[in-house]
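Here are my notes on the model you sent over. I went through it element by element, so keep the viewer open while you read.

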Amino acid sequence: MDRVEIEGQEPTPEQLLAVTSAYGHFTAMQVRDGKTRGLALHMDRLAASNREVFDSAFDPDRTRFLIRHVLGDRADASVRVYVHRGEQGPIMVVTARAPAEMASPLRLRSVAYLRPDPHVKHVHTDQGLYREAAQRAHFDDAVLTAFDGRIAETTMANIGFFDEAGVIWPDAPMLDGITKQLLELYGPAHAISMRKRPVHRSELETMAGAFVSSARGIGRVSAIDGVAFDPSEEGVDALSRVYAAVPWDEV
């Protein structure tokens, strides 16, 4: 059952609507046994977005308190921390719902769309429309591309590719996801080479495989448009092992 709190208090429906209809930014994490991966990176994301979006300071200790408060006696949950514009300054909304894992494999449809200010994980953008359109066309999600054909990200995750040298992260406007950052940080210790360069739709057939990463984990990509990839790609298993080895931080 979902639980929502505004600044640590259960809101009325009217209060929740008033706050969440305002512009904001957020971060999403999976909590297991009261812990999450990359907690400092989540706090850095919220602090940077607060400075950029609201020109406001950010208190990580209070944020951790609010996360623990909304969790209550839950040990495992999907948690989101939203920061919305309020009359007296930013207002924090924290939600907890059932824990979730990455669905896999995924079939993706490319669309020519980039989120505005994609380096900010903000609410109220149009990518959900493209995800729903892709699902109506019997795909799992949409992969967002620049108008020159460069692949950026999916509507809900980072996307990466494999070639004979290792992992390629697309060089395009995108969100620098927490799981992506953790893979970049811990991947080299597991002998996984990673680099960044533009990846165009026209070269998809030359790739050995593809994957997505988000707080829910690592997922296989079986196809993008009409290009199929091996859904049993060993590289995805290797990345999953890297992610599984990332230490958990006490909230």
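1. Let's start with a strand pair. This is a predicted model, and in it strand β9 (residues 158-163) pairs with β10 in the antiparallel sense, over three bridges. A hairpin of two residues takes the chain from β9 to β10. If you want a spot to zoom in on, phenylalanine 162 stands opposite valine 167 in β10.

2. On its other pairing, β10 goes with strand β11 (residues 194-197): the two run parallel and are joined by four bridges. Here isoleucine 168 is the residue that stands opposite arginine 195 in β11. Add helix α5 (residues 178-186) and you have a β-α-β unit, made of β10, α5 and β11, and it is right-handed.

3. How buried is β10 (residues 166-170)? Five of its five residues are buried, so the strand is largely enclosed by the rest of the structure. For reference, a residue counts as buried when its relative accessible area is under 20%.

4. Now the aromatics. The model has four aromatic pairs. Worth a look is the cluster that ring pairs make out of Phe162, Trp169 and Phe211. Phe162 is the same residue that faces valine 167 across the β9 and β10 pairing.

5. Two arginines have their charged ends over rings, which may interest you if you're setting up charges. Arginine 37 has its charged end over the ring of tyrosine 243, at 4.1 Å from the ring centre. For arginine 107 the partner is phenylalanine 139, and the charged end is 4.5 Å from the centre of that ring.

6. Next, the open sheet. Four strands make it up, in the order β1-β5-β4-β2, with antiparallel pairing. At the edges are β1 (3-6) and β2 (24-31), each of which pairs on one side only. From one strand to the next, the twist averages 15 degrees.

7. Within that sheet, β2 and strand β4 (residues 77-84) run antiparallel and are joined by eight bridges. One facing pair to check is histidine 25 with valine 83 in β4.

8. Which helices go with this sheet? Helix α1 (residues 13-20) lies across β1, β4 and β5 (91-97), and runs at about 70 degrees to β1. Helix α3 (residues 60-71) packs on the sheet too, touching β1, β2, β4 and β5, and its direction makes about 40 degrees with that of β5.

9. Helix α4 (residues 127-136) has Gln127, Gly128, Ala133 and Ala134 as its buried residues. What covers them includes β6 (106-112) and β7 (141-145). After α4 comes histidine 138, and its phi is positive, near 75 degrees.

10. Last one: histidine 124, in the loop between β6 and α4. Is this residue buried or exposed? Its relative accessible area is 52%, and anything over 50% counts as exposed, so histidine 124 is exposed. Even so, it has contacts from elsewhere in the chain: leaving out residues up to four places away in sequence, histidine 124 touches Thr20, Ser21, Ala22 and Tyr23. Its C-alpha atom is 8.1 Å from that of glycine 24, although the two residues are 100 apart along the chain.

Conventions: Residues numbered from 1 in each chain as written. Predicted model: local features only at pLDDT ≥ 70, side-chain atom pairs only at ≥ 80, totals over all residues. Heavy atoms only, no water. Pairing = 2+ DSSP bridges. Axes fitted to C-alpha atoms, helices over the stretch in contact; angles between N-to-C directions. Contact = heavy atoms within 4.5 Å. Buried < 20%, exposed > 50% of the residue type's maximum accessible area, 1.4 Å probe, protein only. Right-handed = clockwise from strand over helix to strand, strands pointing away. Phe/Tyr/Trp six-rings, centres within 6.5 Å; stacked < 30°, edge-to-face > 60°. Lys NZ or Arg CZ within 6 Å of the ring centre and 35° of its normal.
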